[in-house]
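Please consider the following sequence and its three-dimensional model. The paragraphs after it lead the reader from one part of the chain to the next.

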Amino acid sequence: MFAVDHAATALLVKRAYPSVPLTPVLVSVQAMELAWVGLNYAGIERTATESTVRSVADIHLAYMPYSHSVATAVAAAVMAWLIVEKGLGRAALGRAVGIGVVSHLLLDLATHARDIALAPGWPTPKLGLGLYAAAPLVAFVVEFLYGVFCWYVDRGGSALLAVICLGNLANLSFLSPAIPGPESYLAGRPTLVVTVVFVQIVVTLILVGSFSRRRDG
Ligand SMILES: [Zn+2]
């Protein structure tokens with residue numbers, strides 16, 4: 001799932017736990033992706049591209065058993081929950097952050113190619129419903145509607161709706177091989193892929209956090 005819709009998921013979690021501050025929830029929904037960025041920059045996880053990139057199907061998340069495996073995501077969520085609820089005594093925040101971390105895993109499983117391992121050291125089977133590759137325009141519509149649903153649940157204003165709609169529209173050329181776009185510049189430049197994703201994470205978290213009705217303070 002693309003960055004803006006992961007970020008919008010924080011609005012659902014915040015609705016379920018209205019007393020918790022939004023910022024840690026925003027970080028939690030993108031914790032797996034932030035780990036992926038750091039581990040790619042460190043050379044521990046690896047991304048590859050085809051010689052031409054016409055859509056996300058030409059970008060391969062070749063090795064990411066630590067940031068994106070079922071076991072590491074669930075373990076990170078449980079650890080975050082235990083530390084915040086049992087250690088710091090903040091029950092609602094612990095649950096919200098734990099759910100936030102797991103939400104990323106579930107949304108990626110629904111959209112990714114088969115690139116999510118069960119655990120580090122288990123190369124097969126890999127999980128992912130493959131929506132981006134099999135039906136990219138369906139993926140676009142599903143993500144768009146999901147983002148708007150998050151906005152609706154937030155009872156957000158028109159600025160938040162614009163962020164979510166534009167954030168999704170910006171991904172259209174990435175999803176459709178037929179629509180040319182800036183993704184062609186990513187061919188053979190996996191580090192640039194990571195940087196583009198990192199910028200998207202930061203920008204969408206800040207924008208969604210800034211325009212949510214339920215923002216902190
Ligand atoms: Zn992810």
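**Helix packing and a metal site**

Arg155 is placed in the loop that lies between helix 7 and helix 8. The model discussed here is a predicted one. In this model the phi angle of Arg155 is near 55°, a positive value in a residue that is not glycine.

The two helices on either side of that loop may be considered next. Helix 7 covers residues 136–154 and helix 8 covers residues 158–169; their axes come within 10 Å and cross at roughly 165°. Angles over 145 degrees count as roughly antiparallel. Helix 7 and helix 8 are therefore roughly antiparallel to each other, and helix 7 passes helix 8 in a right-handed crossing. On the side of helix 7, the contact is formed by Phe140, Glu143, Phe144, Gly147, Val148, Trp151 and Asp154, while helix 8 contributes Leu160, Leu161, Ile164, Cys165, Asn168 and Leu169. Sorted by class, this contact of helix 7 with helix 8 comprises 9 nonpolar, 2 polar and 2 charged residues.

Helix 8 also has a contact with helix 10. The axes of helix 8 and helix 10 come within 9 Å, with a crossing angle of roughly 160°. These two helices are therefore roughly antiparallel as well, and their crossing is left-handed. Here Ala159, Leu160 and Val163 in helix 8 meet Leu207, Val208 and Phe211 in helix 10. The class count for the contact of helix 8 with helix 10 is 6 nonpolar residues, with no polar and no charged ones. Leu160 of helix 8 is thus listed in this contact and in the contact with helix 7.

From helix 10 the path leads to helix 3. The axes of helix 3 and helix 10, the latter spanning residues 190–211, come within 10 Å and cross at roughly 150°. That angle makes helix 3 roughly antiparallel to helix 10. The crossing of helix 3 and helix 10 is left-handed. Glu33, Leu34, Trp36, Val37, Asn40 and Tyr41 of helix 3 make this contact with Thr191, Val194, Thr195, Val197, Phe198 and Ile201 of helix 10. Its residues divide into 8 nonpolar, 3 polar and 1 charged.

Glu33, one of the helix 3 residues in that contact, also belongs to the metal site. Which residues supply the protein donors of the zinc ion? They are Glu33 (OE), His68 (NE2), His104 (NE2) and Asp108 (OD), lying 2.0 to 2.1 Å from the ion. Along the chain, the donors follow the spacing E-x34-H-x35-H-x3-D. Glu33 lies in helix 3 (residues 31–41) and His104 in helix 5 (residues 91–111), so this pair ties together parts of the chain that are 71 residues apart in sequence. Why is the arrangement of the 4 donor atoms irregular? The angles that they subtend around the zinc ion run from 86 to 176°, which makes the arrangement irregular. For a tetrahedral assignment of four donors, all angles would have to lie between 85 and 135 degrees.

One backbone feature remains. Thr124 and Pro125 are joined by a cis peptide bond, with omega about -5°. Pro125 is located in the loop between strand 3 (116–117) and strand 4 (126–127).

Notes:
Residues numbered from 1 in each chain as written. Predicted model: local features only at pLDDT ≥ 70, side-chain atom pairs only at ≥ 80, totals over all residues. Heavy atoms only, no water. Axes fitted to C-alpha atoms, helices over the stretch in contact; angles between N-to-C directions. Helix = DSSP H or I, 4+ residues; strand = E, 2+ residues; numbered from the N terminus. Parallel < 35°, antiparallel > 145°, perpendicular 65-115°, else oblique. Left-handed = near helix turned anticlockwise from the far one by under 90°. Contact = heavy atoms within 4.5 Å. Nonpolar A, V, L, I, M, F, W, Y, C, P; charged D, E, K, R; others polar. Donors = N, O, S within 2.8 Å, 3.2 Å for Na, K, Ca; no water. Tetrahedral: all angles 85-135°; square planar, octahedral: opposite > 155°, others 65-115°.
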